[in-house]
Each structure stands twice: as structure tokens, then as C-alpha cells.
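Please open the model in your viewer and keep the sequence panel beside it, so that residues can be selected by number as the tour moves along.

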Amino acid sequence: MMKDRLPALIAVFMLLGLVAITWWAADYAERAFPVEPEITENQDPDAWSGVFTMLQANEQALPVTRLDGTKMRHYPHDGSYEIEDPQLISQRPDSPRVIASSKTAWAYNNMSLIHMLGEGHVHRFPTNDSKALDITSEKLIVHPDEDIIETDEPAVVIQGDSRLVGEGMKYNNNTRKLEVYANSGVRIAPKDMPSSNSNTN
């Protein structure tokens, strides 16, 4: 009877031994070759500066956009720039001069998109056929290459004796076209905002 069970017992002991050896080998490998911890994306700035000025020139090497600030930090994980006390000046030869400012700003895509946040203010200087234009909003989205400023938040637009309040606006400095959305509290003086230069919805 014992002879009949002997092969089965030997197989069981061999299997247990194989399991023990496998467990020991796995434990040894884990201790001998520690697994690298998961690398998390670093979101700390890799470059910064104090007071700075950045200039963008056109094909004729004339400066058309100037960005000033008191501090700037660059974040490598998304290529963005955080800017304190930003002031953006558009001074293209064929367009009115525009100055935009806010408390802080975030610039993306090599400065081709700038979000100006907190006490945003835009001042477009007067032209031969229109008075100065002022826009205030807590958020301004600036496209320097297209010379366009817009917002999807409440905005107040003042030109001469005209005043518009809307839930969002868009101003194209190339075409001088202003769009103010969902107007409320509108006071328009036709002499200040010719219909050819403004559009309200």
C-alpha cells in the first residue's frame, strides 16, 4: 500500500519544493533589483526672471508687440509662462496703438496666446475717425499675432459718451470691429460708435 503511495508523495514534495524555490527566487529578485518608483511630471518652474521686456518684430524688423512684466516664470511641463503685472502693447504700423494690462497673465504657445487675469484693462488710442476705446474685464484673452482681444466674461466697453456692458466681447484691432455679446445697460452715442465699426448682439 505504501509502495503505491510513494510516487504520489514524491511528486507532492517535488511540487512543494518547486513552489518554495520559485517564491525564494522572486523575493531575491525583488530585493536585488528594486523597482524604480513611478516618475511624476514635474510642474515646478525651470526658469524665471525679474523685470523683463519681450519684443516681437514683423518682417521689416519693426517691433509690433511689446510685453512687459515685473516677474516671469516658465513651466516646462506645458511650456507656459506665468507673468506678474503684465502690460502688452500692440503698435503695428497700420493699426491703432493698444495697451492691455492686468494683475497676472499666462502665456501659451510661444506667446501666441495670452490670458490676462484680474482687473484687465484695454486702452485703444484714438484714431482720425474714432475716439479712444476702453475695455475692462476680469479676464482678457489676447491673440497678439492676429491683434485680437476677447473675453467670455462680463465686460464694460466705453468710447466717448457710449457705454456697453455685455457677457463677453471681441475686438479686432486690424478691422476696428467690436462685438459685444448679450448687451445690458447700453448707452450708445452714434457719433462715438459708427455702425460700420461696431456690432452688438
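A cavity, as the word is used here, is a set of grid points where a 1.4 Å probe fits but cannot get out. In this predicted model, there is one cavity of 30 Å³ or more, and the volume of the largest cavity is about 80 Å³.

To see its walls, select Thr65, Leu88, Ile89, Ser90, Val98, Val142, Pro144, Asp147 and Ile149, which line the largest cavity. Colouring by class will show six nonpolar, two polar and one charged residues in this lining, and strand β6 (residues 87-90) makes the greatest contribution to the lining, with three residues.

Keep Thr65 selected, and turn next to the largest pocket, where Thr65 is among the residues nearest the centre, together with Met54, Gln56, Asn110 and Met111. This pocket has a volume of about 170 Å³ and is lined by 13 residues, which divide into seven nonpolar, four polar and two charged. If you show the strands as ribbons, you will find that β2 (52-57) and β3 (63-69) each supply at least two residues of that lining.

Finally, select Tyr75 and Trp106, which form a tilted aromatic pair, with 5.6 Å from centre to centre and 35° between the planes. Because Tyr75 belongs to strand β4 (residues 71-75) and Trp106 to strand β8 (residues 104-108), the pair ties together parts that are 31 residues apart in sequence. With a surface displayed, compare the two partners: Tyr75 counts as buried at 12% relative accessibility, whereas Trp106, with a relative accessible area of 25%, is partly exposed.

Methods. Residues numbered from 1 in each chain as written. Predicted model: local features only at pLDDT ≥ 70, side-chain atom pairs only at ≥ 80, totals over all residues. Heavy atoms only, no water. 1 Å grid on protein atoms, 1.4 Å probe; cavity = no way out; pocket = protein on both sides within 12 Å on 5 of 7 lines; lining within 4 Å. Points joined across faces, edges and corners; volume = space filled by probe spheres on them. Helix = DSSP H or I, 4+ residues; strand = E, 2+ residues; numbered from the N terminus. Nonpolar A, V, L, I, M, F, W, Y, C, P; charged D, E, K, R; others polar. Phe/Tyr/Trp six-rings, centres within 6.5 Å; stacked < 30°, edge-to-face > 60°. Buried < 20%, exposed > 50% of the residue type's maximum accessible area, 1.4 Å probe, protein only.
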